[in-house]
Amino acid sequence: MNTEIRLSTTGKGKCLHAVTHIAKDAVIFEEIPLVSCQFSWNETCMYKACNHCLRPLETAEENVRRLTGNSSWVLPYPQCCTTKKEDIIRCPDCSTEYCSENCKTLAFDEYHKTICSRTLDDRSAHPIIQLQEAWKQIHYPPETSSIFLMVRLLAKIIQAPNTEEAIETTLSFCHRSVNEDAELAHKFLGKKFSHQVNLLRELIANALPNPKVQQFLTQEGFQSLVALIGTNGQGVGSSPFSSWIRNVEKLNLSAEQKEQIDSLVDRIYDEMYSHTGDFLNSEGVGLYARQSCANHSCDPNAEISFVHNNYRLSLIALKDIQPGEEICISYLGDCDNERSRHSRRKTLMENYLFACECSKCLAEIDDPDVTSEEEMSAEEDD
Ligand SMILES: C[S@@+](CC[C@H](N)C(=O)[O-])C[C@H]1O[C@@H](n2cnc3c(N)ncnc32)[C@H](O)[C@@H]1O
(Lines give C-alpha, C1' and ligand atoms only; values in the text may rest on other atoms or scores of the structure.)
Protein backbone atom coordinates (compact mmCIF):
# COMPACT_ATOMS: atom_id res chain seq x y z
CA MET A 1 0.00 0.00 0.00
CA ASN A 2 1.50 3.37 -1.02
CA THR A 3 -0.86 5.42 1.21
CA GLU A 4 -2.09 5.39 4.80
CA ILE A 5 -4.85 7.16 6.67
CA ARG A 6 -3.71 9.39 9.55
CA LEU A 7 -5.45 11.72 11.97
CA SER A 8 -4.68 15.37 11.23
CA THR A 9 -2.87 17.42 13.84
CA THR A 10 -4.49 20.60 12.46
CA GLY A 11 -8.17 19.74 12.95
CA LYS A 12 -8.90 18.41 9.46
CA GLY A 13 -9.93 14.95 10.76
CA LYS A 14 -8.71 11.95 8.78
CA CYS A 15 -6.11 12.57 6.06
CA LEU A 16 -4.59 10.44 3.33
CA HIS A 17 -0.77 10.36 3.31
CA ALA A 18 1.78 8.92 0.90
CA VAL A 19 4.07 6.31 2.45
CA THR A 20 6.23 5.83 -0.64
CA HIS A 21 7.37 8.14 -3.43
CA ILE A 22 4.57 8.43 -6.00
CA ALA A 23 5.47 9.64 -9.48
CA LYS A 24 3.42 12.23 -11.37
CA ASP A 25 0.62 10.56 -13.44
CA ALA A 26 0.85 7.31 -11.42
CA VAL A 27 -2.35 5.60 -10.30
CA ILE A 28 -2.17 6.02 -6.50
CA PHE A 29 -4.94 3.46 -5.92
CA GLU A 30 -8.15 2.19 -7.40
CA GLU A 31 -11.30 1.50 -5.45
CA ILE A 32 -14.89 0.37 -5.92
CA PRO A 33 -17.55 2.06 -3.79
CA LEU A 34 -19.23 0.72 -0.69
CA VAL A 35 -22.41 1.71 -2.48
CA SER A 36 -23.29 3.79 -5.57
CA CYS A 37 -26.22 4.61 -7.81
CA GLN A 38 -27.15 6.50 -10.96
CA PHE A 39 -29.03 9.79 -10.60
CA SER A 40 -32.79 9.40 -11.01
CA TRP A 41 -33.31 11.98 -13.77
CA ASN A 42 -30.20 10.79 -15.58
CA GLU A 43 -31.71 7.29 -15.72
CA THR A 44 -35.17 8.59 -16.69
CA CYS A 45 -33.63 10.57 -19.57
CA MET A 46 -32.37 7.33 -21.22
CA TYR A 47 -28.77 7.43 -20.06
CA LYS A 48 -28.67 3.66 -20.03
CA ALA A 49 -26.23 2.26 -17.47
CA CYS A 50 -25.82 -0.88 -15.38
CA ASN A 51 -27.95 -0.43 -12.26
CA HIS A 52 -25.06 -1.72 -10.13
CA CYS A 53 -21.75 -0.48 -11.60
CA LEU A 54 -22.89 2.30 -14.00
CA ARG A 55 -21.18 0.69 -17.01
CA PRO A 56 -22.95 1.99 -20.15
CA LEU A 57 -25.55 -0.32 -21.66
CA GLU A 58 -25.61 1.34 -25.08
CA THR A 59 -22.86 1.14 -27.67
CA ALA A 60 -20.65 4.14 -28.45
CA GLU A 61 -22.46 4.52 -31.79
CA GLU A 62 -25.93 4.40 -30.17
CA ASN A 63 -24.69 6.94 -27.62
CA VAL A 64 -23.47 9.31 -30.35
CA ARG A 65 -26.73 8.95 -32.28
CA ARG A 66 -28.87 9.63 -29.19
CA LEU A 67 -26.87 12.62 -27.94
CA THR A 68 -26.60 14.25 -31.38
CA GLY A 69 -30.18 13.37 -32.37
CA ASN A 70 -28.65 12.18 -35.64
CA SER A 71 -29.17 8.51 -36.50
CA SER A 72 -26.85 8.61 -39.51
CA TRP A 73 -23.59 8.64 -37.50
CA VAL A 74 -21.43 5.55 -38.05
CA LEU A 75 -18.34 5.11 -35.86
CA PRO A 76 -15.24 3.49 -37.36
CA TYR A 77 -13.19 0.98 -35.32
CA PRO A 78 -16.26 -0.66 -33.69
CA GLN A 79 -13.89 -3.04 -31.87
CA CYS A 80 -12.96 -0.04 -29.65
CA CYS A 81 -16.45 0.02 -28.15
CA THR A 82 -16.43 -1.92 -24.86
CA THR A 83 -20.20 -2.35 -24.41
CA LYS A 84 -21.15 -6.03 -24.49
CA LYS A 85 -24.86 -5.97 -25.23
CA GLU A 86 -25.00 -9.77 -25.27
CA ASP A 87 -24.13 -9.81 -21.54
CA ILE A 88 -26.92 -7.43 -20.48
CA ILE A 89 -29.31 -9.15 -18.09
CA ARG A 90 -32.45 -8.10 -16.20
CA CYS A 91 -33.79 -8.80 -12.74
CA PRO A 92 -36.56 -11.33 -13.51
CA ASP A 93 -38.88 -9.70 -10.95
CA CYS A 94 -38.62 -5.96 -11.64
CA SER A 95 -36.74 -5.79 -14.94
CA THR A 96 -33.84 -3.67 -13.63
CA GLU A 97 -30.94 -3.92 -16.10
CA TYR A 98 -27.34 -4.96 -15.35
CA CYS A 99 -24.26 -5.17 -17.57
CA SER A 100 -23.53 -8.76 -16.51
CA GLU A 101 -24.67 -11.72 -14.46
CA ASN A 102 -21.93 -10.78 -11.96
CA CYS A 103 -23.38 -7.30 -11.33
CA LYS A 104 -26.92 -8.71 -11.06
CA THR A 105 -25.74 -11.22 -8.44
CA LEU A 106 -23.70 -8.64 -6.50
CA ALA A 107 -26.63 -6.21 -6.45
CA PHE A 108 -29.10 -8.89 -5.35
CA ASP A 109 -26.82 -10.25 -2.63
CA GLU A 110 -25.87 -6.80 -1.30
CA TYR A 111 -29.12 -4.74 -1.42
CA HIS A 112 -31.47 -5.47 -4.32
CA LYS A 113 -33.25 -8.38 -2.57
CA THR A 114 -34.58 -5.81 -0.04
CA ILE A 115 -35.59 -3.06 -2.47
CA CYS A 116 -36.66 -4.99 -5.59
CA SER A 117 -40.13 -3.71 -6.50
CA ARG A 118 -40.88 -7.40 -7.31
CA THR A 119 -43.60 -6.58 -9.75
CA LEU A 120 -43.78 -5.59 -13.36
CA ASP A 121 -47.44 -4.51 -12.98
CA ASP A 122 -48.84 -1.67 -10.92
CA ARG A 123 -45.31 -0.47 -10.11
CA SER A 124 -46.63 2.97 -9.11
CA ALA A 125 -47.99 1.53 -5.82
CA HIS A 126 -44.60 0.22 -4.67
CA PRO A 127 -43.04 2.38 -1.90
CA ILE A 128 -39.68 2.49 -3.73
CA ILE A 129 -41.36 3.81 -6.88
CA GLN A 130 -43.31 6.36 -4.81
CA LEU A 131 -40.03 7.50 -3.25
CA GLN A 132 -38.43 7.77 -6.69
CA GLU A 133 -41.27 9.95 -7.98
CA ALA A 134 -41.23 12.16 -4.87
CA TRP A 135 -37.44 12.56 -5.15
CA LYS A 136 -37.63 13.54 -8.83
CA GLN A 137 -40.20 16.22 -8.03
CA ILE A 138 -37.95 17.60 -5.28
CA HIS A 139 -34.60 17.35 -6.99
CA TYR A 140 -34.49 18.53 -10.60
CA PRO A 141 -31.33 18.33 -12.74
CA PRO A 142 -28.50 19.12 -12.47
CA GLU A 143 -28.46 16.39 -9.83
CA THR A 144 -25.58 16.34 -7.40
CA SER A 145 -26.64 13.51 -5.14
CA SER A 146 -29.33 10.91 -4.75
CA ILE A 147 -31.67 9.71 -2.04
CA PHE A 148 -31.20 6.24 -3.54
CA LEU A 149 -27.64 6.10 -2.29
CA MET A 150 -29.20 6.17 1.18
CA VAL A 151 -31.78 3.55 0.26
CA ARG A 152 -29.04 1.23 -1.00
CA LEU A 153 -26.87 1.91 2.03
CA LEU A 154 -29.74 1.05 4.39
CA ALA A 155 -30.72 -2.03 2.34
CA LYS A 156 -27.09 -3.11 2.50
CA ILE A 157 -27.16 -2.84 6.30
CA ILE A 158 -30.38 -4.89 6.37
CA GLN A 159 -28.84 -7.60 4.20
CA ALA A 160 -25.39 -7.58 5.83
CA PRO A 161 -24.41 -10.82 7.61
CA ASN A 162 -23.16 -8.66 10.52
CA THR A 163 -25.43 -5.65 11.15
CA GLU A 164 -23.21 -4.01 13.79
CA GLU A 165 -20.21 -4.12 11.49
CA ALA A 166 -22.21 -2.67 8.57
CA ILE A 167 -23.46 0.21 10.77
CA GLU A 168 -19.91 0.86 11.99
CA THR A 169 -18.63 1.00 8.39
CA THR A 170 -21.33 3.56 7.55
CA LEU A 171 -20.54 5.69 10.58
CA SER A 172 -16.81 5.62 9.84
CA PHE A 173 -17.43 8.14 7.03
CA CYS A 174 -16.86 11.73 8.09
CA HIS A 175 -19.85 13.07 10.02
CA ARG A 176 -20.64 16.21 11.96
CA SER A 177 -22.48 17.74 14.89
CA VAL A 178 -26.30 17.74 14.98
CA ASN A 179 -26.52 21.45 14.02
CA GLU A 180 -24.09 21.08 11.14
CA ASP A 181 -25.99 17.99 9.96
CA ALA A 182 -29.21 20.00 9.81
CA GLU A 183 -27.49 22.72 7.77
CA LEU A 184 -25.86 20.22 5.41
CA ALA A 185 -29.15 18.34 4.90
CA HIS A 186 -30.74 21.70 4.06
CA LYS A 187 -28.06 22.37 1.43
CA PHE A 188 -28.36 18.87 0.00
CA LEU A 189 -32.05 19.33 -0.76
CA GLY A 190 -31.74 22.96 -1.79
CA LYS A 191 -33.51 25.95 -0.20
CA LYS A 192 -36.79 25.39 -1.97
CA PHE A 193 -37.34 21.79 -0.92
CA SER A 194 -35.49 21.42 2.37
CA HIS A 195 -38.79 21.35 4.30
CA GLN A 196 -39.59 18.08 2.48
CA VAL A 197 -36.89 16.21 4.39
CA ASN A 198 -39.60 14.63 6.57
CA LEU A 199 -41.58 13.46 3.56
CA LEU A 200 -38.49 11.69 2.21
CA ARG A 201 -37.76 10.19 5.62
CA GLU A 202 -41.31 8.83 5.90
CA LEU A 203 -41.22 7.40 2.37
CA ILE A 204 -37.90 5.65 3.08
CA ALA A 205 -39.20 4.33 6.42
CA ASN A 206 -42.25 3.02 4.58
CA ALA A 207 -40.05 1.34 1.94
CA LEU A 208 -37.65 -0.15 4.51
CA PRO A 209 -39.68 -1.11 7.58
CA ASN A 210 -36.85 -2.94 9.32
CA PRO A 211 -35.69 -2.43 12.94
CA LYS A 212 -32.02 -2.84 11.90
CA VAL A 213 -32.01 0.65 10.32
CA GLN A 214 -34.36 2.51 12.68
CA GLN A 215 -31.51 4.63 14.13
CA PHE A 216 -31.09 6.22 10.68
CA LEU A 217 -34.79 6.97 10.31
CA THR A 218 -35.38 9.19 13.34
CA GLN A 219 -35.38 12.92 12.53
CA GLU A 220 -31.81 13.39 13.77
CA GLY A 221 -30.55 10.08 12.38
CA PHE A 222 -31.93 10.85 8.94
CA GLN A 223 -30.49 14.37 8.85
CA SER A 224 -27.13 12.92 9.82
CA LEU A 225 -27.34 10.35 7.02
CA VAL A 226 -28.26 13.04 4.47
CA ALA A 227 -25.28 15.11 5.68
CA LEU A 228 -22.95 12.10 5.55
CA ILE A 229 -23.84 11.53 1.92
CA GLY A 230 -23.57 15.23 1.13
CA THR A 231 -20.10 15.40 2.71
CA ASN A 232 -18.62 12.15 1.40
CA GLY A 233 -20.53 11.41 -1.84
CA GLN A 234 -18.29 11.34 -4.91
CA GLY A 235 -19.69 11.98 -8.40
CA VAL A 236 -19.31 9.05 -10.83
CA GLY A 237 -19.50 9.32 -14.61
CA SER A 238 -19.35 6.87 -17.50
CA SER A 239 -19.64 7.29 -21.26
CA PRO A 240 -19.36 4.70 -24.06
CA PHE A 241 -18.17 7.40 -26.48
CA SER A 242 -15.34 8.61 -24.20
CA SER A 243 -14.26 5.03 -23.64
CA TRP A 244 -14.30 4.42 -27.42
CA ILE A 245 -12.09 7.52 -27.91
CA ARG A 246 -9.60 6.30 -25.26
CA ASN A 247 -9.39 2.90 -27.00
CA VAL A 248 -8.99 4.43 -30.47
CA GLU A 249 -6.10 6.55 -29.11
CA LYS A 250 -4.33 3.31 -28.17
CA LEU A 251 -4.48 2.00 -31.77
CA ASN A 252 -1.41 2.16 -33.95
CA LEU A 253 -2.80 4.76 -36.37
CA SER A 254 -0.98 6.85 -38.96
CA ALA A 255 -0.77 10.64 -38.50
CA GLU A 256 -3.41 11.05 -41.21
CA GLN A 257 -5.78 8.56 -39.57
CA LYS A 258 -5.29 10.29 -36.20
CA GLU A 259 -6.18 13.63 -37.78
CA GLN A 260 -9.34 12.14 -39.30
CA ILE A 261 -10.38 10.76 -35.91
CA ASP A 262 -9.69 14.09 -34.17
CA SER A 263 -11.83 15.93 -36.66
CA LEU A 264 -14.63 13.30 -36.42
CA VAL A 265 -14.61 13.53 -32.61
CA ASP A 266 -14.72 17.36 -32.74
CA ARG A 267 -17.68 17.30 -35.14
CA ILE A 268 -19.54 14.78 -32.95
CA TYR A 269 -18.95 16.81 -29.78
CA ASP A 270 -20.14 19.99 -31.53
CA GLU A 271 -23.35 18.23 -32.53
CA MET A 272 -23.77 16.75 -29.04
CA TYR A 273 -23.40 20.14 -27.34
CA SER A 274 -25.86 21.82 -29.67
CA HIS A 275 -28.44 18.98 -29.44
CA THR A 276 -28.07 17.90 -25.77
CA GLY A 277 -25.97 20.53 -23.98
CA ASP A 278 -23.44 19.64 -21.31
CA PHE A 279 -25.05 16.50 -19.89
CA LEU A 280 -23.31 13.80 -21.88
CA ASN A 281 -22.47 11.12 -19.33
CA SER A 282 -24.31 8.52 -17.31
CA GLU A 283 -23.94 10.17 -13.94
CA GLY A 284 -24.35 9.09 -10.37
CA VAL A 285 -22.76 9.15 -6.96
CA GLY A 286 -20.81 6.70 -4.80
CA LEU A 287 -19.39 6.36 -1.29
CA TYR A 288 -15.71 5.34 -1.38
CA ALA A 289 -14.08 4.33 1.90
CA ARG A 290 -10.46 5.30 1.13
CA GLN A 291 -10.98 8.17 -1.30
CA SER A 292 -13.40 9.85 1.14
CA CYS A 293 -10.40 10.35 3.48
CA ALA A 294 -8.74 12.66 0.93
CA ASN A 295 -9.06 16.25 2.11
CA HIS A 296 -9.46 19.25 -0.16
CA SER A 297 -6.60 21.45 -1.34
CA CYS A 298 -6.85 24.53 -3.57
CA ASP A 299 -3.53 23.31 -5.01
CA PRO A 300 -4.23 19.54 -5.22
CA ASN A 301 -1.61 16.89 -5.87
CA ALA A 302 -4.12 14.23 -6.99
CA GLU A 303 -7.32 13.93 -8.99
CA ILE A 304 -10.08 11.39 -9.46
CA SER A 305 -10.70 9.64 -12.75
CA PHE A 306 -13.05 6.93 -14.05
CA VAL A 307 -10.98 5.28 -16.77
CA HIS A 308 -12.71 1.88 -16.44
CA ASN A 309 -15.97 3.39 -17.62
CA ASN A 310 -17.86 2.21 -14.55
CA TYR A 311 -17.90 2.92 -10.80
CA ARG A 312 -14.25 1.91 -10.30
CA LEU A 313 -12.44 5.07 -9.19
CA SER A 314 -8.75 5.79 -9.86
CA LEU A 315 -6.83 8.35 -7.81
CA ILE A 316 -4.12 9.81 -10.06
CA ALA A 317 -1.05 11.82 -8.98
CA LEU A 318 -0.94 15.31 -10.53
CA LYS A 319 2.62 15.88 -9.28
CA ASP A 320 5.50 13.87 -7.82
CA ILE A 321 4.49 13.13 -4.22
CA GLN A 322 7.06 12.50 -1.49
CA PRO A 323 6.69 9.94 1.33
CA GLY A 324 4.82 11.53 4.27
CA GLU A 325 3.16 14.20 2.09
CA GLU A 326 -0.62 14.58 2.40
CA ILE A 327 -2.58 13.55 -0.71
CA CYS A 328 -5.32 16.06 -1.46
CA ILE A 329 -7.87 16.44 -4.23
CA SER A 330 -9.85 19.55 -5.10
CA TYR A 331 -13.53 19.68 -4.14
CA LEU A 332 -13.86 22.78 -6.35
CA GLY A 333 -14.23 23.02 -10.12
CA ASP A 334 -11.08 23.70 -12.20
CA CYS A 335 -11.67 27.45 -12.49
CA ASP A 336 -12.57 27.88 -8.81
CA ASN A 337 -9.06 26.92 -7.69
CA GLU A 338 -7.69 29.96 -9.58
CA ARG A 339 -9.92 32.40 -7.70
CA SER A 340 -8.88 34.53 -4.74
CA ARG A 341 -8.39 32.92 -1.32
CA HIS A 342 -11.48 34.76 -0.09
CA SER A 343 -13.66 33.44 -2.95
CA ARG A 344 -12.41 29.85 -2.66
CA ARG A 345 -12.98 29.76 1.09
CA LYS A 346 -16.41 31.33 0.71
CA THR A 347 -17.47 28.63 -1.81
CA LEU A 348 -16.12 25.83 0.41
CA MET A 349 -17.83 27.24 3.50
CA GLU A 350 -21.14 27.71 1.66
CA ASN A 351 -21.16 24.27 0.05
CA TYR A 352 -19.21 22.06 2.45
CA LEU A 353 -19.29 24.00 5.72
CA PHE A 354 -15.56 24.07 6.44
CA ALA A 355 -12.92 26.79 6.63
CA CYS A 356 -10.19 25.64 4.26
CA GLU A 357 -6.86 25.00 5.97
CA CYS A 358 -5.00 23.84 2.86
CA SER A 359 -1.36 24.84 2.26
CA LYS A 360 -2.33 27.37 -0.45
CA CYS A 361 -4.88 29.09 1.81
CA LEU A 362 -2.37 29.11 4.69
CA ALA A 363 0.35 30.57 2.42
CA GLU A 364 -2.04 33.31 1.24
CA ILE A 365 -3.30 34.13 4.74
CA ASP A 366 -2.16 37.76 4.46
CA ASP A 367 -3.87 38.33 1.09
CA PRO A 368 -6.61 40.99 1.24
CA ASP A 369 -10.17 39.59 1.49
CA VAL A 370 -11.14 40.36 -2.10
CA THR A 371 -13.78 38.64 -4.16
CA SER A 372 -12.50 37.29 -7.49
CA GLU A 373 -13.52 39.27 -10.56
CA GLU A 374 -15.27 36.21 -12.08
CA GLU A 375 -17.34 35.81 -8.95
CA MET A 376 -18.31 39.49 -8.89
CA SER A 377 -19.47 39.30 -12.51
CA ALA A 378 -21.42 36.08 -11.73
CA GLU A 379 -23.10 37.90 -8.85
CA GLU A 380 -23.89 40.86 -11.13
CA ASP A 381 -25.38 38.47 -13.73
CA ASP A 382 -27.65 36.99 -11.02
C1 LIG B 1 -14.74 13.83 2.58
S2 LIG B 1 -14.21 14.37 4.13
C3 LIG B 1 -12.49 14.24 4.05
C4 LIG B 1 -11.94 13.40 5.15
C5 LIG B 1 -12.17 13.98 6.53
N6 LIG B 1 -11.02 14.76 6.98
C7 LIG B 1 -12.49 12.89 7.56
O8 LIG B 1 -12.14 13.06 8.72
O9 LIG B 1 -13.14 11.89 7.19
C10 LIG B 1 -14.52 16.08 3.99
C11 LIG B 1 -14.37 16.84 5.30
O12 LIG B 1 -12.97 16.94 5.68
C13 LIG B 1 -12.69 18.23 6.21
N14 LIG B 1 -11.77 18.92 5.27
C15 LIG B 1 -11.43 18.52 4.02
N16 LIG B 1 -10.55 19.34 3.46
C17 LIG B 1 -10.30 20.32 4.35
C18 LIG B 1 -9.48 21.50 4.34
N19 LIG B 1 -8.75 21.84 3.27
N20 LIG B 1 -9.50 22.30 5.42
C21 LIG B 1 -10.25 21.98 6.51
N22 LIG B 1 -11.04 20.88 6.60
C23 LIG B 1 -11.07 20.05 5.53
C24 LIG B 1 -14.01 18.97 6.26
O25 LIG B 1 -14.56 18.75 7.54
C26 LIG B 1 -14.84 18.27 5.20
O27 LIG B 1 -16.22 18.36 5.43
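Helices here are DSSP runs of H or I with at least four residues, numbered from the N terminus. That helps with a small detail to start on: just after helix 12, Leu-353 takes a positive phi of about 60°. Keep in mind that this is a predicted model. The domain assignment gives two domains, domain 1 (35-234) and domain 2 (340-381), and a ligand lies between them. Here's a quick tour, topic by topic.

**The domains and the ligand**

- Domain 1 and domain 2 have C-alpha centres that lie 33 Å apart.
- Both domains give residues to the shell around the ligand, so the ligand lies between them.
- There are 16 residues around the ligand, and Gly-13, Lys-14, Cys-174, Asn-295 and His-296 come nearest.
- Sorted by character, the shell has 6 nonpolar, 7 polar and 3 charged residues.

**Helix 4**

- Helix 4 covers residues 127-138, and its 12 residues should span 16 Å at 1.5 Å a residue; the end C-alpha atoms are indeed 16 Å apart, so the two agree.
- Four of its residues, Ile-128, Leu-131, Gln-132 and Trp-135, are buried.
- Those four cover an arc of only 100° around the axis, which puts them on the same side of helix 4.
- As a bit of background, an α-helix has 3.6 residues a turn, so residues three or four places apart point the same way.
- What do the buried residues of helix 4 pack against? Their partners are helix 1 (40-44), helix 3 (101-115), helix 5 (147-159) and helix 8 (197-207).

**Helix 8**

- In helix 8, you'll find Leu-200, Arg-201, Leu-203, Ile-204 and Ala-207 buried.
- These residues cover an arc of only 165° around the axis, which places them on the same side of helix 8.
- Helix 4, helix 5 and helix 9 are what the buried residues of helix 8 pack against.

**Helix 12**

- Helix 12 runs over residues 341-352, and its 12 residues should span 16 Å at 1.5 Å a residue; its end C-alpha atoms are 16 Å apart, which agrees.
- Its buried residues are Arg-341, Ser-343, Arg-344, Arg-345 and Leu-348.
- Leu-353, with its positive phi of about 60°, comes just after this helix.

**Loops with a positive phi**

- For context, most residues other than glycine have a negative phi.
- Asp-25 goes the other way, with a positive phi near 75°.
- You can spot Asp-25 in the loop between strand 2 (14-18) and strand 3 (27-31).
- Is Asp-25 buried or exposed? Asp-25 is exposed, because just 10 other C-beta atoms lie within 10 Å, and 12 or fewer counts as exposed.
- Ser-95 also has a positive phi, this time near 80°, and sits in the loop between strand 5 (89-90) and strand 6 (97-98).
- Ser-95 is exposed as well, with 12 other C-beta atoms within 10 Å.

**Loop residues that meet distant parts of the chain**

- Ser-239 belongs to the loop between strand 7 (234-238) and helix 10 (240-249).
- With 21 other C-beta atoms within 10 Å, Ser-239 is buried, since the cut-off for that is 20 or more.
- Ser-239 and Thr-59 are 180 residues apart in sequence, yet their C-alpha atoms are 9.4 Å apart in space.
- Neighbours within four places in sequence aside, Ser-239 is in contact with Pro-56, Asn-63, Leu-280, Asn-281 and Ser-282.
- Glu-326 is in the loop between strand 10 (313-317) and helix 12.
- Glu-326 is partly exposed, with 19 other C-beta atoms within 10 Å.
- Along the chain, Glu-326 and Ala-294 are 32 residues apart, while 8.5 Å separates their C-alpha atoms.
- Apart from neighbours within four places in sequence, Glu-326 is in contact with Cys-15, Leu-16, His-17 and Asn-295; Asn-295 is also among the residues that come nearest to the ligand.
- Gln-215 is in the loop between helix 8 and helix 9 (219-232), and is partly exposed, with 15 other C-beta atoms within 10 Å.
- The C-alpha atoms of Gln-215 and Ile-167 are separated by 9.8 Å, though the two residues are 48 residues apart along the chain.

How values were computed
Residues are numbered from 1 along each chain as its sequence is written. This is a predicted model: local features need pLDDT of at least 70, side-chain atom pairs count only at pLDDT 80 or more; totals for chains, interfaces and linings use all residues. A residue is near a molecule or strand if its C-beta atom, placed from the backbone, lies within 6 Å of it. Ala, Val, Leu, Ile, Met, Phe, Trp, Tyr, Cys and Pro count as nonpolar, Asp, Glu, Lys and Arg as charged, and the others, Gly among them, as polar. Domain bounds come from an automatic or database domain assignment. Helices (H or I, at least four residues) and strands (E, at least two) are DSSP runs, numbered from the N terminus. The expected span of a helix is 1.5 Å times one less than its number of residues. The arc is that of the directions from the helix axis to the C-beta atoms. Two residues are in contact if their C-beta atoms, placed from the backbone, lie within 7 Å.
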